[in-house]
Amino acid sequence: MTSDYNQNLWNSVLAELEKRIPKNLFELWFKETQVVSYSPEAIKIKVANDIIEKKVSDKYLEEIGESIFKCCGDSPKIEFVFDPPGDEQDTFNFEESIFQDWQDSKPPIATATAIVKSEPRSFPKQMPFNETYRFENFVVGPSNQLAHASALAVANKPGKAYNPLFLHGGVGLGKTHLLQAICHAILQRDSSYILVYLSCEEFINEFISSVERGDVEGFRHRFRYVDMLLIDDVHFLGSKERTQEEFFHTFNTLYNAQKQIILSCDSAPSEIPSLKERLVSRFKWGLVTKLDIPTFETRVAIIKKKSRLKGVEFSDEVCQYIAENLVSNVRELEGAINHLVAVSDLHDREISLDLAKRNLREVIQLYEPEVQVSDILNIVAEHFKVKLSELQSKKRSQSVVRPRQVSMYLAKKLTKHSLQEIGGFFGGKDHTTVIHAIEKIKDARTQKKDFHELLVELEHKILGDKKA
Ligand code: ADP
Ligand code: MG
């Protein structure tokens with residue numbers, strides 16, 4: 001069939017589609033489409049880029065199929081093609097209406113419309129999801145109730161419940177799990193939803209490589225077209241000044257367009273070293289919630305859930321034994337569960353308490369025992385030949401200030417104490433003093449190799465002494 005014939009046919013399909021889809025959305029997604037080939041078996045439709053391809057194929061496939069059937073009585077397989085990014089034929093022009101689609105037909109916000117003038121090229125790189133990090137696999141207890149409830153609220157009403165949502169807590173307490181649970185829940189409900197889930201490191205890498213390519217504009221646009229942005233481990237933004245600057249603009253744009261922003265971090269916003277105040281304050285605009293170490297009962301429930309997910313049922317006493325011995329971090333629990341599941345598979349037998357004890361003795365010892373601030377003080381005092389009481393005093397002579405800063409730095413690194421608590425060990429200093437000390441040491445560590453080596457040695461000594 002001639003291309004004119006195909007185009008006429010496609011125009012009548014479009015006319016049919018126009019009746020079924022709100023005008024602004026039709027204009028946005030279908031105005032620039034063309035038919036490439038047509039037969040009763042297959043139709044190939046050209047769209048401007050991958051974003052449109054995703055949106056149209058996820059959301060409008062049925063309407064397109066019905067319209068084709070209405071116009072010519074065929075039910076061909078529908079395929080989309082688009083020119084790869086960077087191709088000059090890409091003529092799609094994003095207009096203000098894109099925001100109407102995003103906002104369920106609310107009037108566009110002035111600040112947001114200003115930035116979308118050229119076409120998006122492609123999505124930012126997406127991190128893979130863990131299939132099991134879903135809400136139904138997350139065990140709720142007093143330590144994470146609020147974080148869980150707020151994540152659910154945001155998954156149900158993106159951009160409306162809390163924006164941004166800032167989840168913080170120590171390693172292995174479920175931040176990544178909750179972020180991905182939000183992604184799963186939303187995509188399950190609406191697969192055309194454009195969300196971007198990235199580790200902060202990926203965000204930084206993408207930004208740096210866009211600077212190297214001289215394509216910061218491209219980077220900006222990619223992030224500004226999304227419905228939801230989730231960044232895991234934002235503490236890595238600390239001391240990355242240019243990326244912070246860029247993130248600040250991305251944040252503002254999405255926020256103004258009422259797009260949901262979700263962040264996770266190992267500490268509260270004000271405790272992220274070297275984070276600019278304007279970002280700190282923005283991180284607190286929505287809801288800041290903390291995940292704590294799960295209680296014994298929650299740990300038992302997590303062990304049950306995780307082992308069940310792996311197809312093994314542990315007895316109550318085995319679950320309790322693990323929960324009693326691995327306290328501070330759910331990832332450690334998982335390590336123990338995996339170990340026992342492997343043992344049970346290998347020997348094709350149920351795990352008795354005795355077998356669990358024998359097998360976990362090794363695993364449990366692998367984990368660092370908890371370091372106390374007093375362990376750090378003793379070793380630092382001994383190394384620098386200062387008195388313990390001096391480290392904890394207000395004395396400001398150089399011979400004491402540096403060892404004190406080293407102790408604070410190591411306390412933050414090796415213990416689970418908050419900055420405030422650490423300040424408490426040093427004669428009631430407030431958390432800003434502790435942040436200052438940590439930054440000083442971080443700086444010195446990157447500048448002087450000797451000093452870096454000294455810190456490594458002290459760290460080994462502290463951890464080594466604990467294990468002995
Ligand atoms: P974080 O990002 O805070 O370091 P993760 O989300 O990676 O921690 O969690 C570490 C592991 O512990 C993951 O396998 C996660 O599924 C599991 N986990 C943490 N909290 C829970 C919970 N409340 N219920 C079930 N699994 C959990
Ligand atoms: Mg994580």
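Start with the whole chain, coloured by burial if your viewer allows it: of its 468 residues, 49% count as buried. Keep in mind as you go that this is a predicted model. In cartoon view you can pick out 22 helices and 8 strands. Switch on the surface next; the chain exposes about 22600 Å², and carbon and sulfur atoms supply 50% of that area. As for how the fold is knitted together, 74% of the contacts between residues at least 6 apart in sequence join residues at least 24 apart.

**Stop one: ligand 1**

Now select ligand 1 and show the residues around it. There are 18 of them, and the closest are Gly172, Thr176, His177, Lys306 and Glu334. Where does ligand 1 lie with respect to domain 2 and domain 3? Colour residues 135-291 (domain 2) and 296-366 (domain 3) separately: both give residues to the shell, so ligand 1 lies between them.

Three helices are worth highlighting here. α8 (175-189), α13 (296-309) and α15 (330-347) each supply at least two residues of the shell. By type, the shell residues divide into 7 nonpolar, 7 polar and 4 charged.

Zoom in on the oxygen atoms of the ligand and try three distances:

- From a polar backbone atom of Gly172 to an oxygen atom of ligand 1, you should read 2.7 Å.
- From a polar side-chain atom of His177 to a ligand oxygen atom, the distance is 2.6 Å.
- From a polar side-chain atom of Lys306 to an oxygen atom of ligand 1, the distance is 2.6 Å.

With those on screen, add the protein surface again: the protein covers 97% of the 550 Å² of accessible area that ligand 1 has on its own.

**Stop two: Tyr133**

Keep His177 and Lys306 displayed and add Tyr133, which sits in the loop between α6 (110-113) and α7 (145-156). Which residues does Tyr133 touch, leaving aside those up to four places away in sequence? They are Thr176, His177, Gln180, Ala181, His184 and Lys306. For a distance across the sequence, pick the C-alpha atoms of Tyr133 and Ile182: these residues are 49 apart along the chain, and the atoms are separated by 9.2 Å.

**Stop three: Asn163 and Pro164**

Move on to the loop between α7 and β4 (165-169), where you will find Asn163. Pro164 belongs to that loop between α7 and β4 too. Look along the backbone here, as the peptide bond from Asn163 to Pro164 is cis, with omega near -5°.

Is Asn163 buried or exposed? Its relative accessible area is 11%, under the 20% cut-off, so Asn163 counts as buried. Show its side chain and you can draw a polar contact of 3.2 Å to the side chain of Gln260. The side chain of Asn163 also reaches the backbone nitrogen of Ile261, at 2.8 Å. Beyond its sequence neighbours up to four places away, Asn163 touches several residues, among them Tyr255, Lys259, Trp285 and Gly286.

**Stop four: two positive phi angles**

Finish with a pair of backbone details. Select Asp233, in the loop between β6 (228-232) and α11 (241-256). Asp233 has a positive phi of about 65° although it is not a glycine, and at 23% relative accessibility it counts as partly exposed.

Then jump to Ser274, in the loop between β7 (260-265) and α12 (277-283). Ser274 is not a glycine, yet its phi is positive, at about 60°. With a relative accessible area of 31%, Ser274 is partly exposed.

Methods. Residues are numbered from 1 along each chain as its sequence is written. Chains are lettered from A and ligands numbered from 1 in the order in which they are written. This is a predicted model: local features need pLDDT of at least 70, side-chain atom pairs count only at pLDDT 80 or more; totals for chains, interfaces and linings use all residues. Side-chain values use heavy atoms; hydrogens and water are left out. Helices (H or I, at least four residues) and strands (E, at least two) are DSSP runs, numbered from the N terminus. Buried means under 20% relative accessible area, exposed over 50%, partly exposed in between (1.4 Å probe, protein chains only). Contact means heavy atoms within 4.5 Å. Accessible areas come from the Shrake-Rupley method with a 1.4 Å probe; for residues, only the protein chains shown count as cover. A residue is near a molecule or strand if one of its heavy atoms lies within 4 Å of it. A polar contact is a pair of N or O atoms within 3.5 Å; within protein, one must be able to donate a hydrogen and the other to accept it, and residues adjacent in sequence count only if both atoms are side-chain atoms. Ala, Val, Leu, Ile, Met, Phe, Trp, Tyr, Cys and Pro count as nonpolar, Asp, Glu, Lys and Arg as charged, and the others, Gly among them, as polar. Domain bounds come from an automatic or database domain assignment.
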